[in-house]
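Welcome, and please open the model in your viewer. We will walk through it one selection at a time.

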Amino acid sequence: MFSKLATRVAPRVSPRLFSSGGGGGGAGGALLGLAIGAGGAAFYIQSNPDVVDLVPASKVAETEEKFATYWPRNVMMLFGPPGSGKGTQGPKIEAMLGIPQLSTGDMLRAAVKNQTEIGKKAQGIMKAGGLVGDDIVVGIIKDRIAEPDCKFGFILDGFPRTQPQAKALDTMLAEEGACVSKVIELNVPDSILEERICGRWIHKASGASYHVKYAPPKSMKLGADGKPDPASMLDDATGEPLMQRPDDTASALVNRLKEYHRMTKPILKHYQPHGVVGSVNANQEMTKVWADMQANLKSGKN
């Protein structure tokens, strides 16, 4: 009978529900997956050497709610200068742990695109290669982490940028009995970052990203100076022109790196006494970067 039920692991269940053989619902043991029965009724199958129990999805939801209420949230931070790979590593961590990555950069760019009041203020600062102020960032983050998908935890990318922001975050988390549980820094030499940043081109409509060295568009042609001909930089899918972000230039990068080293680095020192800070060499092959990242994510490994 049970063999006829379609099964899959439920992505909305916190990975913590799968971590121990005796947890999550009584004598049945660890949860294995979701069974879809007639009429779309959902049940979660438990593992047991002798018995297979069917646990209603409502019971699993109840357990999830207990985790959200009584266990501290998994609050992670990704640090690194522009072009260090936070946008690549973040989604991998997000998929592995089942918690959302929150990028202040993405939220701010959306505000700029929509030309909201806060977006207009941020636009001028980002064009100059600077970092937006606390008054713009703090409000966005505070509202975002209150949303339901953050109840088990979240990954912060681009926040906090300053010690006052870090202290404000600590205060917010302390109000619910939580704290920052992991901080990981991606390290890349400044000289390598210039090549990474200045070679980026994007398709504005879709967000598709290209790089003149690592992922060039099929249409790219080099001029007499050995640099890409801007007219040849076209999106592979649509043939539409690509563009470079105003702050993806050598001159803007100098300002951005100065700001990063001056203001962001001290945040690592702020959290080091808590034993939660780790470092990853992001100037190596992608598979090795991810392997180092996974090692850092393990409890007690820095």
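Two strands are said to pair if DSSP finds at least two bridges between them. Keep that in mind for strand S7, where the bridge partner of Ser-103 is Asp-157. Please also remember that this is a predicted model.

**The whole chain**

Start with a cartoon of everything. The protein chain has nine helices and eleven strands. Of its 302 residues, 38% count as buried. Among contacts between residues at least 6 apart in sequence, 62% join residues at least 24 apart.

**The five-stranded sheet**

Now select S6, S7, S5, S8 and S11, which lie in that order in an open sheet of five strands with parallel pairing. Colour S6 (101–103) and S11 (277–281) separately: these two stand at the edges with a single partner strand each, so one side of each has no neighbour in the sheet. Look along the sheet to see its twist; on average, neighbouring strands are turned by 25° against each other, direction ignored.

**Strand S7 and its partners**

Zoom in on S7 (153–157). How many of the five residues of S7 are buried? Five of the five are, so the strand is largely enclosed by the rest of the structure. Show the side chains next: Gly-153, Ile-155 and Asp-157 point one way, while Phe-154 and Leu-156 point the other way, and all are buried.

Add S5 (74–79) to the selection. S5 runs parallel to S7, and five bridges join the two. To find one of these pairings, pick Met-76, whose bridge partner in S7 is Ile-155. Then bring in S6, which is also parallel to S7 and is joined to that strand by three bridges. This is where you meet the pairing of Ser-103 with Asp-157 in S7.

**Towards the S11 edge**

Move to S8 (residues 180–187), which pairs with S11 in the parallel sense over five bridges. Label Asn-187 here; its bridge partner in S11 is Asn-281.

**Helices across the strands**

Turn on H2 (residues 86–97), which lies across S5, S6, S7 and S8 and runs at about 160° to S5. Follow with H3 (residues 104–113), which lies across S6 and S7, at about 50° to S6.

**Helix H8 and two packing partners**

Two packed helices are described by the angle between their axes and the distance between the axes. Select H8 (residues 250–271) together with H7 (residues 190–198): they pack at an angle of about 135°, with axes 10 Å apart. That angle makes H7 oblique to H8, and the crossing is right-handed. Show side chains for Asp-190, Leu-193, Glu-194, Ile-197 and Cys-198 of H7, and for Ala-250, Leu-253, Arg-256, Leu-257 and His-261 of H8, which make the contact. By class, this contact of H7 with H8 has six nonpolar, one polar and three charged residues.

For the last stop, keep H8 and swap in H6 (residues 163–174). The axes of H6 and H8 come within 9 Å and cross at roughly 40°, which makes H6 oblique to H8. Which residues of H6 and H8 meet here? Gln-163, Ala-166, Lys-167, Leu-169 and Asp-170 in H6 meet Pro-266, Ile-267, His-270 and Tyr-271 in H8. By class, the contact of H6 with H8 has five nonpolar, two polar and two charged residues.

How values were computed: Residues are numbered from 1 along each chain as its sequence is written. This is a predicted model: local features need pLDDT of at least 70, side-chain atom pairs count only at pLDDT 80 or more; totals for chains, interfaces and linings use all residues. Side-chain values use heavy atoms; hydrogens and water are left out. Axes are lines fitted to C-alpha atoms, for helices over the stretch in contact, and angles run from 0 to 180 degrees between N-to-C directions. Helices (H or I, at least four residues) and strands (E, at least two) are DSSP runs, numbered from the N terminus. Angles under 35 degrees count as roughly parallel, over 145 as roughly antiparallel, 65 to 115 as roughly perpendicular and the rest as oblique. A crossing is left-handed if the near helix is turned anticlockwise from the far one by less than a right angle, and right-handed if clockwise. Contact means heavy atoms within 4.5 Å. Ala, Val, Leu, Ile, Met, Phe, Trp, Tyr, Cys and Pro count as nonpolar, Asp, Glu, Lys and Arg as charged, and the others, Gly among them, as polar. Buried means under 20% relative accessible area, exposed over 50%, partly exposed in between (1.4 Å probe, protein chains only).
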